[in-house]
Amino acid sequence: MMRSLLVSIVVFSSLSCEKVVQIPLNEADSIIVVEAILKDVLGESSIKLTKTASVYELTSFPAVALAAVVVSDDNGGQYTFLESVPSSGLYLHPTFVVEPN
């Protein structure tokens, strides 16, 4: 009984097929994506800026360089994040800290 079940599984899996389905997608304009990780530990907050890309391209998302990234709080304080490495899209602030809840 166990042997016939094993043979059935092997035969069934070898006979199964795979069909690739192409879904036509409309291309859209590229938009900026903001990925912010804001922590309550000094110097560990970061903001990454990238642009969306076509689903048909097998590349990484392009970084947004030379942006003015400013975070402001409810008290009117402003914190300017600077790009860590030129053209990386990663912005850091050495003294920004989120207040814990």
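This report walks through the fold, the sheet, a few individual residues and the surface of one protein.

**Overall picture**

The model you are looking at is predicted. It has 1 helix and 5 strands, and along the sequence these elements follow the pattern α-β-β-β-β-β. Of the 101 residues in the protein, 14% are buried. Among contacts with a separation of 6 or more, 40% are between residues 24 or more positions apart.

**The sheet**

Let's begin with the strands. The 5 strands form an open sheet in the order S1-S2-S5-S4-S3, and the pairing is antiparallel. Its edge strands are S1 (32-37) and S3, each of which pairs on one side only. From one strand to the next, the twist averages 30 degrees.

Two of the pairings can be followed down to individual residues. S1 and S2 run antiparallel and are joined by 6 bridges; here Ala36 stands opposite Ile47 in S2. S2 also pairs with S5 (residues 90-92) in the antiparallel sense, this time over 3 bridges. Within that pairing, Lys48 has Leu90 in S5 as its bridge partner.

**Residues worth a look**

Is Thr50 buried or exposed? Thr50, which lies in strand S2, counts as buried because its relative accessibility is 13%, and the limit for buried is under 20%. Leaving aside residues up to four places away in sequence, Thr50 touches Ile31, Ile32, Val33, Phe61, Pro62, Ala63 and Val64.

Ser87 offers a contrasting view. You will find Ser87 in the loop between strand S4 (78-83) and S5. With a relative accessible area of 57%, Ser87 is exposed. Ser87 still has contacts further along the chain: not counting residues up to four places away in sequence, it touches Ala63 and Ala65. The C-alpha atoms of Ser87 and Ala65 are 4.7 Å apart in space, although the two residues are 22 residues apart in sequence. Ala63 appears in the contact list of Thr50 and in that of Ser87.

The table below collects the accessibility values for five residues.

| Residue | Relative accessible area | Class |
|---|---|---|
| Thr50 | 13% | buried |
| Lys39 | 36% | partly exposed |
| Glu44 | 43% | partly exposed |
| Ser87 | 57% | exposed |
| Val55 | 58% | exposed |

**Charges and the surface**

How many salt bridges does a search of the whole structure find? The search finds 1 salt bridge. Glu44 forms a salt bridge with Lys39, and the closest N and O atoms are 3.9 Å apart. That pair qualifies because the cut-off is within 4 Å. Both partners are in the middle class of accessibility: Glu44 counts as partly exposed at 43%, and Lys39 is partly exposed at 36%.

The surface also carries a nonpolar patch. Which residues make the nonpolar surface patch? Val21, Ile23, Leu25, Val55 and Tyr56 make it, and its area is about 520 Å². Val55 lies in the loop between strand S2 (46-51) and strand S3 (69-72). At 58% relative accessibility Val55 counts as exposed, so it passes the requirement of over 30% for residues in a patch.

Finally, for the protein as a whole, the exposed area is about 8,600 Å², and carbon and sulfur atoms supply 60% of it.

Note on methods
Residues are numbered from 1 along each chain as its sequence is written. This is a predicted model: local features need pLDDT of at least 70, side-chain atom pairs count only at pLDDT 80 or more; totals for chains, interfaces and linings use all residues. Side-chain values use heavy atoms; hydrogens and water are left out. A salt bridge is a side-chain nitrogen of Lys or Arg within 4 Å of a carboxyl oxygen of Asp or Glu. Buried means under 20% relative accessible area, exposed over 50%, partly exposed in between (1.4 Å probe, protein chains only). Patches are made of residues with over 30% relative accessible area and no salt bridge: like charges are joined within 9 Å, nonpolar side chains (Val, Leu, Ile, Met, Phe, Trp, Tyr) within 5 Å. Accessible areas come from the Shrake-Rupley method with a 1.4 Å probe; for residues, only the protein chains shown count as cover. Helices (H or I, at least four residues) and strands (E, at least two) are DSSP runs, numbered from the N terminus. Contact means heavy atoms within 4.5 Å. Two strands pair if DSSP finds at least two bridges between them. Axes are lines fitted to C-alpha atoms, for helices over the stretch in contact, and angles run from 0 to 180 degrees between N-to-C directions.
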